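This briefing addresses two topics: how helices pack against one another, and how the domains meet. Please consult the sequence and the structure shown below alongside the text.

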Amino acid sequence: MAYEHLTFDVAERIATVTLNRPDKLNALSDALMGELGRAIDEARVRPDVGAVLLTGAGRAFGAGADISELAGQSAVQGKARAERGQRVFRRFETSPKPTIAAVNGVALGGGCELAMACHLRIASESAKFGQPEVKLGTVPGYGGTQRLPRLVGKGRALQLLLTGETIDAAEAYRIGLVNRVVPAAQLMDVCRVMLATMLAQGPLALAHCIEAVDRGLDMSLDDAIALEASFFGLLSATADKAEGMRAFLEKRPASFSGA
Ligand code: COA
């Protein structure tokens with residue numbers, strides 16, 4: 001598939017998606033958002049892809065929605081734009097294949113929201129995070145008001161949302177917004193090693209962990225653990241579960257087929 005505003009490369013079962021508008025700090029224009037939607041769909045369906053690594057070209061991860069496009073939008077257009085972006089980000093969040101955001105620079109506004117829609121966030125030491133929408137007289141539109149409190153708690157989320165302040169990678173780690181902070185030169189390698197660790201596990205197990213966490217967080221604990229029990233039962237019928245347990249008992253590494 002051809003892309004103009006991002007690059008899509010597959011190696012060792014990892015699809016690396018790189019936002020590629022470096023001159024505009026990878027601002028999420030409508031065109032880039034459209035391609036991002038196509039890219040995650042391509043990664044989800046391709047059998048040679050087992051995981052997704054998302055990053056930005058140049059000095060930014062993503063500086064947010066393209067303000068030049070938002071400036072003239074009507075109320076109806078604004079709502080439609082938010083819903084379109086939310087749908088794309090939800091495709092990352094619900095991907096049965098693990099997604100990691102390699103945050104190489106600023107992740108502001110929609111850039112931070114995109115990183116939050118990925119399953120994990122690994123930041124370079126120079127990364128910065130924030131939801132500056134209040135400075136523009138608006139609110140986050142791509143899920144930020146909901147994913148941020150789920151990740152860092154209500155008080156910390158409201159601090160970031162209401163001040164519009166930018167925090168550095170160390171602070172993002174301290175409040176639980178990112179999983180790990182690494183030197184810039186190691187960022188992509190660290191992410192690839194982490195994804196390789198996941199890719200060595202049973203793909204059906206990964207997909208069901210992701211779905212249990214994603215759906216369970218919005219359920220009562222009783223309903224959520226019932227969902228977990230049904231997944232636990234379901235996976236008992238898979239070749240992967242048989243192989244995983246047999247390999248343990250035979251003291252050898254498991255070789256999963258995803259069936
Ligand atoms: N939308 C559109 N263009 C953007 C953008 C955005 N969200 N963020 C950056 N750009 C563009 C700038 O307009 C500039 O383009 P130009 O060279 O044609 O003038 C280019 O990217 C470089 O940005 P610049 O502001 O010159 O870089 P900087 O290092 O001085 O500042 C930021 C970096 C991230 C602090 C600053 O660009 C910024 O505040 N961006 C907006 C962040 C934001 O509010 N995001 C939420 C949007 S809802």
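The model is predicted. Its domain assignment gives domain 1, spanning 6-199, and domain 2, spanning 203-249. Three helix pairs are described first: helix 1 with helix 3, helix 3 with helix 4, and helix 4 with helix 5. The domain interface follows.

**Helix 1 and helix 3**

- Helix 1 (residues 30-45) packs on helix 3 (residues 75-93) at an angle of about 25°, and their axes lie 9 Å apart.
- Angles under 35 degrees count as roughly parallel, so helix 1 is roughly parallel to helix 3.
- The two helices, helix 1 and helix 3, cross in a left-handed sense.
- Helix 1 contributes Asp30, Met33, Leu36, Gly37, Ile40, Asp41 and Arg44 to the contact, while helix 3 contributes Arg81, Arg84, Gly85, Val88, Phe89, Arg91 and Phe92.
- By class, the contact of helix 1 with helix 3 comprises 6 nonpolar, 2 polar and 6 charged residues.

**Helix 3 and helix 4**

- An angle of about 30° describes the packing of helix 3 and helix 4, with 8 Å between their axes.
- On helix 3 the contact is made by Phe89, Phe92 and Glu93, and on helix 4 by Gly110, Glu113, Leu114 and Ala117.
- These residues of the contact of helix 3 with helix 4 divide into 4 nonpolar, 1 polar and 2 charged.
- Phe89 and Phe92 of helix 3 take part in the contact with helix 1 and also in the contact with helix 4.

**Helix 4 and helix 5**

- The axes of helix 4 (residues 110-117) and helix 5 (residues 144-152) come within 10 Å, crossing at roughly 55°.
- Helix 4 and helix 5 are therefore oblique to each other.
- The crossing of helix 4 with helix 5 is left-handed.
- Glu113, Met116 and Ala117 of helix 4 meet Gly144, Arg147, Leu148 and Leu151 of helix 5.
- The contact of helix 4 with helix 5 holds 4 nonpolar, 1 polar and 2 charged residues.
- Glu113 and Ala117 of helix 4 appear in the contact with helix 3 and also in the contact with helix 5.

**Domain interface**

- The centres of domain 1 and domain 2, taken over C-alpha atoms, are separated by 27 Å.
- At the interface, 10 residues of domain 1 contact 5 residues of domain 2.
- About 570 Å² is buried between domain 1 and domain 2, with 56% of it on carbon and sulfur atoms.
- Within domain 1, the residues losing the most area to domain 2 are Pro96, Arg150 and Met198, which together account for 50% of what that side buries.

Definitions and conventions. Residues numbered from 1 in each chain as written. Predicted model: local features only at pLDDT ≥ 70, side-chain atom pairs only at ≥ 80, totals over all residues. Heavy atoms only, no water. Axes fitted to C-alpha atoms, helices over the stretch in contact; angles between N-to-C directions. Helix = DSSP H or I, 4+ residues; strand = E, 2+ residues; numbered from the N terminus. Parallel < 35°, antiparallel > 145°, perpendicular 65-115°, else oblique. Left-handed = near helix turned anticlockwise from the far one by under 90°. Contact = heavy atoms within 4.5 Å. Nonpolar A, V, L, I, M, F, W, Y, C, P; charged D, E, K, R; others polar. Domains from an automatic or database assignment. Buried area = accessible area lost by both parts, 1.4 Å probe.
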